[in-house]
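Here are some friendly comments on the model you passed along, set out as numbered points. Have the structure open beside you as you read.

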Amino acid sequence: MNTDTTIAKNIRVTDEKASYDAACKRLLSEKIILAWIMKNCVEEYRTCDVNEITENYIEGQPQVGEAAV
């Protein structure tokens, strides 16, 4: 017998969305992934090599979930 309430369903959906959000943040915190996005989406980086972008244009370590935006 399935006795899921509306609240239980909403909590489960919220938890799943938070998991997707965390996974996306981890993925985008990888410099090489960000470099590919920059190369293909930002005109100024189109002619750059992705290694050049990671070494010269992405500074420091990502602060995933630490800094307010």
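1. Glu43 and Arg46 form a salt bridge, with their closest N and O atoms 3.3 Å apart. Please keep in mind that this distance, like every other value here, comes from a predicted model. The two partners fall into separate accessibility classes: Glu43 counts as exposed because its relative accessibility of 56% is over the 50% cut-off, whereas Arg46 is partly exposed at 40%.

2. How many salt bridges does the structure hold? There are two, and the other one joins Lys25 to Asp21, where the closest N and O atoms are 3.2 Å apart. Both of these residues sit in helix H1, which covers residues 6–28, and a spacing of four residues puts them about one turn of the helix apart. Lys25 is partly exposed, with 38% relative accessibility, and Asp21 is partly exposed as well, with 39%. As background, side chains of opposite charge can pair when their charged atoms come close.

3. Lys39 deserves a careful look. This lysine belongs to helix H2 and has a relative accessibility of 19%, so it counts as buried under the 20% cut-off. Despite being buried, Lys39 has no salt bridge. Which side chain of opposite charge is nearest to Lys39? That is Asp49, at 6.2 Å, and because a salt bridge needs the nitrogen within 4 Å of a carboxyl oxygen, this pair does not qualify.

4. What does the side chain of Lys39 reach instead? It reaches the backbone oxygen of Arg46, at 3.0 Å. Arg46 is also the residue that bridges to Glu43 with its side chain, so you may like to view points 1, 3 and 4 together. Setting aside neighbours within four places in sequence, Lys39 contacts Tyr45, Arg46, Thr47, Cys48, Val50 and Ile53.

5. Now for the aromatic residues. The structure holds one aromatic pair, made by Tyr45 and Tyr57 in an edge-to-face arrangement, with 5.3 Å from centre to centre and 65° between the planes. Tyr45 is in the loop between H2 and helix H3 (50–56), and Tyr57 is in the segment after H3, so the pair ties together parts that lie 12 residues apart in sequence. Tyr57 is partly exposed, at 39% relative accessibility. Tyr45 is also one of the contacts of Lys39, while the C-alpha atoms of Lys39 and Tyr57 are 11 Å apart, across 18 residues of sequence.

6. Thr54 offers another buried site to inspect. This threonine is in helix H3 and is buried, with a relative accessible area of 15%. The side chain of Thr54 reaches the backbone oxygen of Asn51 at 2.9 Å. Beyond the neighbours within four places in sequence, Thr54 is in contact with Lys31, Ile32 and Ala35. Helix H2 spans residues 31–41, so these three contacts of Thr54 fall within H2.

7. A word on Asn40, which is also in helix H2. Where Lys39 is buried, Asn40 is partly exposed, with a relative accessible area of 48%. From Asn40 to Gly65 the sequence separation is 25 residues, and their C-alpha atoms are 25 Å apart.

8. Finally, the overall layout. The chain has three helices and zero strands, giving the pattern α-α-α along the sequence. Its radius of gyration is 18 Å, well over the 11 Å that the globule rule gives for 69 residues, so the chain is more spread out than a compact globule. Taken along the principal axes, the C-alpha atoms fill a box of roughly 60 × 25 × 20 Å. Buried residues make up 12% of the 69 residues; Lys39 and Thr54 are among them. Of the contacts with a separation of 6 or more, 24% are between residues 24 or more positions apart.

Definitions and conventions. Residues are numbered from 1 along each chain as its sequence is written. This is a predicted model: local features need pLDDT of at least 70, side-chain atom pairs count only at pLDDT 80 or more; totals for chains, interfaces and linings use all residues. Side-chain values use heavy atoms; hydrogens and water are left out. Helices (H or I, at least four residues) and strands (E, at least two) are DSSP runs, numbered from the N terminus. Buried means under 20% relative accessible area, exposed over 50%, partly exposed in between (1.4 Å probe, protein chains only). Rings of Phe, Tyr and Trp (its six-membered ring) pair if their centres lie within 6.5 Å; planes under 30 degrees apart count as stacked, over 60 as edge-to-face and the rest as tilted. Lys and Arg count as positive and Asp and Glu as negative; His and the chain ends are not counted. A polar contact is a pair of N or O atoms within 3.5 Å; within protein, one must be able to donate a hydrogen and the other to accept it, and residues adjacent in sequence count only if both atoms are side-chain atoms. Contact means heavy atoms within 4.5 Å. The radius of gyration is taken over C-alpha atoms; the globule rule is 2.2 Å times the number of residues to the power 0.38.
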